[in-house]
Amino acid sequence: MRAIRSGLILGLLLGCSPRLWADPPPPAEYRVQLRYRILAGRNDRLRQYFDLIRYLESIGFRKDPGAVTEPEDPLHDRMTGTIAGPNARLLLREPHIKSLLLVPVGHALPEQAGATVKVQMELVGGLPLDRQRVLADQVRERLRLLGFQERVGYDHRGFTRLVGTIPVKVLDLLVRDLRYQPGGWFLLRQPVAQLPLPLRNLSPVLVTEVLPEPEGVPAVREAPPAPAADNAKLSADLRTWLSREGVAEAPVRVEVLLVRPPGDDDSSWQQELTAAAPGLRLEGRLGSIVTASLPGKEVSALLTVPWVDSVRLPRSGALPAARAPVLDATALGKLRSAALRGRGVVVAVIDADFRGAPSQIGRQLPADTRLIDLTGERNPGLEPDPYPDDATEEGTGTRLARAVVQAAAGARLVLVRVDPASPYQVLSVARAIAGEPVGGVGLRQRQEELIAEGQSLKQRQTELRLQRNVILNTFGQDEAAQQKREAYRQEQERFDRDERAYRERLHRYLSLRHDLEGLRGAAAVVCGLVWNDGYPVGGSGPLSRYLDDQLGLLTTWIQASGPDPGQVWLGYFRDDDGNGVMEFAPATTPLPPGRWTRELNFLAWKPNDGPVSSLVPGGTTLRVAVQWREAHDSSLWNPPTDPYPKPLADLRLMVLRQRDPKGESLPRDDLEVVAVSSTRPQRILNAPNAATYAQSLEFTVDQPGVYMVRLEGRPPTSTRPESVSPVGNVSAPVGELWPRLVVEAVDAASRAVGRPIFLDFATTGTGWGMPADARGVVRFGDGAVGPAAAPAGDR
């Protein structure tokens, strides 16, 4: 026991881990309340008591007057007084002193009912790390009974330090041996001999220090609240949109994540969705992710459909114009090889923005260049979406097309515009190139609408003919006859307008089908769109699998790589100390200067021009997303039953802000929770033996500062949910958990000038977005580094 205490005192004096920065100096003077223990007879107690007093005086402790009987009273175990700030921890060198309460002189504790103060508690140390963590967990659990609210992300110094807030009224209890305290363990009626180890043998808290908030420093904001249970299936961004006023009748475009991918001949999911939300208009489907639009008031009705796992706002695959990737030597070489197949070979360019292209056809672009606009597929009128009114003269796709022309001279160029939030349209293009029949969910719905409208027009035409015959047989010139003729004329005009509009829509529909069929056998495809989060990556998604399995030998697919270097972290879920927080690097990786843990990944801002800044600019809206794949027991696969309503590894994202990056007024590890992933993870891919989940959060940086990401959770220990017992008490191996984190700017203004990156731990050469994660594609752009490799420390 003495060895444990000595190890802890040395740690308190010298620091339990290498400190790469200086905290603010301690206050000039502390008000001290200390607990001591002298177990001895009267004469021995007097001698030991006065030895204690002499030591305290030698280090500058100024004792308050006590009771006259204090030296010989064996029940007396408290002293109060003051001491210089730098000498406070020297009190613990005296073996009779068991615990301290330190309050800076001049700091008045709040007196109002329910008031709390910030404290740091230093625990007994010297145990092996795993046992030290157990002790900290035991103390933390009991302290919650006293109202302790722990902070997040601070330096726990080998699990010997706790930081948080606690009610003022229980401060005195922290000086005592907490194993015996009323309001804490005593309420459990649990004798000390029955307490778990190592707590049973230790009085755990050595120092409790009150930490005043400096003047001029904003108070810590409360963490975001958890979502209500009735809308847990809604993503946070969709909940925010629906909370605005006047959106009940407004149309909203959503992605509905189904519990499993339906079969090609299974239309039950469509019937159930449209029955729950009559205003729903389906656009397309990619695997189990359905894109649709509907009135805002009908979104909640979708949550009651058994097919629905969750609902979210769509994810865009468009890259900022200022950072649009440029074709590199490898991509240009592949294009030249495709062009050598002969004149007239088709090269398709897929992008979301071809502004300026029509005026360049016949000049900078070949005269036979064609433009296919698939954005009309999602509109009932089959008319293309208008471009944003942002004064852009030349789109990213147009610039990409010019680069293709230089490398593939003589090729026939086809520009394919797709909606940036509709990756299913890219799959439609791939299927058309492979020669499959064209027609996804959107085109089929447009076809059904045209058939229904054609039948309605035929019925109206028949009725008009009958009405015309009646009027022709009416020879009167009275007012009633004239009104009938006028009504017929107006109805005929309406019919003629509707018929012309119908024929125009029919022409657009047939032209779109014809254009898609004309893509068959294209020699090469250059795609400038990539989806960095929200869709399965690692080559497991339906689009990437199709490129590898069906199109790889037919067409050269040249693909923008996705996130820029620094925006992705991909690696093994490592929790060496077992505290439920992932470490971004192994213990052998040196900590960057100014850092205290590998459980935090600091963010930075990388402008398009200029050096990287550790401060993320204010007004920027960031999205942090994590994705992981976990093994499931295939014997439980029995649709429509869903044995995995939630993932086995329930990971939670958190973003924190450093309150004082310079450490002048507050310690550098004094952090504030800015955002927490507040919905259950979305299942974006489901299969009998595995599932892929995604979790994300968005937040707006209200003030420039230093921000960091933390990932909480634990890897699964079984392939079966807790509600299902293992077979024969043996569970299949679960494999390793490899999360992929990506950070992006969401708002257009920020994306135009720069991007957030992981400053401390990032992964290069892997972590591509969809469909750049397909094995057979040729990647280009800043992130096109290969081949894929494990992060440092995992090789």
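Select helix α10, residues 423-433, and you will find a helix that is mostly covered, since ten of its eleven residues are buried, where buried means under 20% relative accessible area, exposed over 50% and partly exposed in between, computed with a 1.4 Å probe on protein chains only. The buried residues of α10 are Pro-423, Tyr-424, Gln-425, Val-426, Leu-427, Ser-428, Val-429, Ala-430, Ala-432 and Ile-433. Step on to Gly-435, just after α10, which takes a positive phi of about 90°. Helices (H or I, at least four residues) and strands (E, at least two) are DSSP runs here, numbered from the N terminus.

Before going further, note that this is a predicted model, in which local features need pLDDT of at least 70 and side-chain atom pairs count only at pLDDT 80 or more, while totals for chains, interfaces and linings use all residues. Residues are numbered from 1 along each chain as its sequence is written, and side-chain values use heavy atoms, with hydrogens and water left out.

**The parallel sheet**

Next, select the six strands that form an open sheet in the order β14-β15-β13-β16-β17-β28, with parallel pairing; two strands pair if DSSP finds at least two bridges between them. At its edges are β14 (370-373) and β28 (778-780), each of which pairs on one side only. From one strand to the next, the twist averages 20°, and for such angles the axes are lines fitted to C-alpha atoms (for helices over the stretch in contact), with values running from 0 to 180 degrees between N-to-C directions.

Within this sheet, color β15 (412-417): five of its six residues are buried, so β15 is largely enclosed by the rest of the structure. Six bridges join β13 to β15 in a parallel run, and there Val-349 stands opposite Leu-415 in β15. Four bridges join β14 to β15, also parallel, with Arg-370 standing opposite Val-414 in β15. Moving along to β16 (residues 524-527) and β17 (residues 556-560), you will find four bridges between these parallel strands, and Cys-527 opposite Gln-559 in β17.

Now add helix α9 (residues 396-407), which lies across β13, β15, β16 and β28 and runs at about 155° to β13; contact here means heavy atoms within 4.5 Å. In the loop between β14 and α9, select Leu-382, which has a positive phi of about 60° although it is not a glycine. Leu-382 is buried, with a relative accessible area of 6%.

**A pair of helices**

Select α11 (residues 441-472) together with α12 (residues 479-517), which pack at an angle of about 155° with their axes 10 Å apart. That angle makes α11 roughly antiparallel to α12, on a scale where angles under 35 degrees count as roughly parallel, over 145 as roughly antiparallel, 65 to 115 as roughly perpendicular and the rest as oblique. The residues of their contact divide into 13 nonpolar, five polar and eleven charged, where Ala, Val, Leu, Ile, Met, Phe, Trp, Tyr, Cys and Pro count as nonpolar, Asp, Glu, Lys and Arg as charged, and the others, Gly among them, as polar.

**The mixed sheet**

Turn then to the eight strands that form an open sheet in the order β2-β3-β1-β4-β8-β5-β7-β6, where the pairing is mixed. At its edges stand β2 (62-63) and β6 (149-150), each with a single partner strand, so one side of each is left without a neighbour in the sheet. Seven bridges join β1 (residues 29-36) to β3 (residues 78-84), which run antiparallel, and in this pair Val-32 stands opposite Gly-81 in β3. Helix α2 (residues 42-58) packs on the sheet, touching β1, β2, β3 and β4 (97-104), and its direction makes about 20° with that of β3.

In the loop between β6 and β7, select Phe-159, whose phi is near 60°, a positive value in a residue other than glycine. Phe-159 is buried, with a relative accessible area of 4%.

**A hairpin and two cis bonds**

Go on to β10 (residues 281-286) and β11 (residues 289-295), antiparallel strands joined by five bridges, where Gly-284 stands opposite Thr-291 in β11. Their hairpin has two residues between the strands, and in it Gly-287 takes a positive phi near 65°.

Finish with the loop between β7 (161-167) and β8 (205-210), where Pro-198 lies; the peptide bond from Leu-197 to Pro-198 is cis, with omega near 5°. Another cis peptide bond joins Met-770 and Pro-771, with omega about 0°, and Pro-771 is found in the loop between β27 (754-758) and β28.
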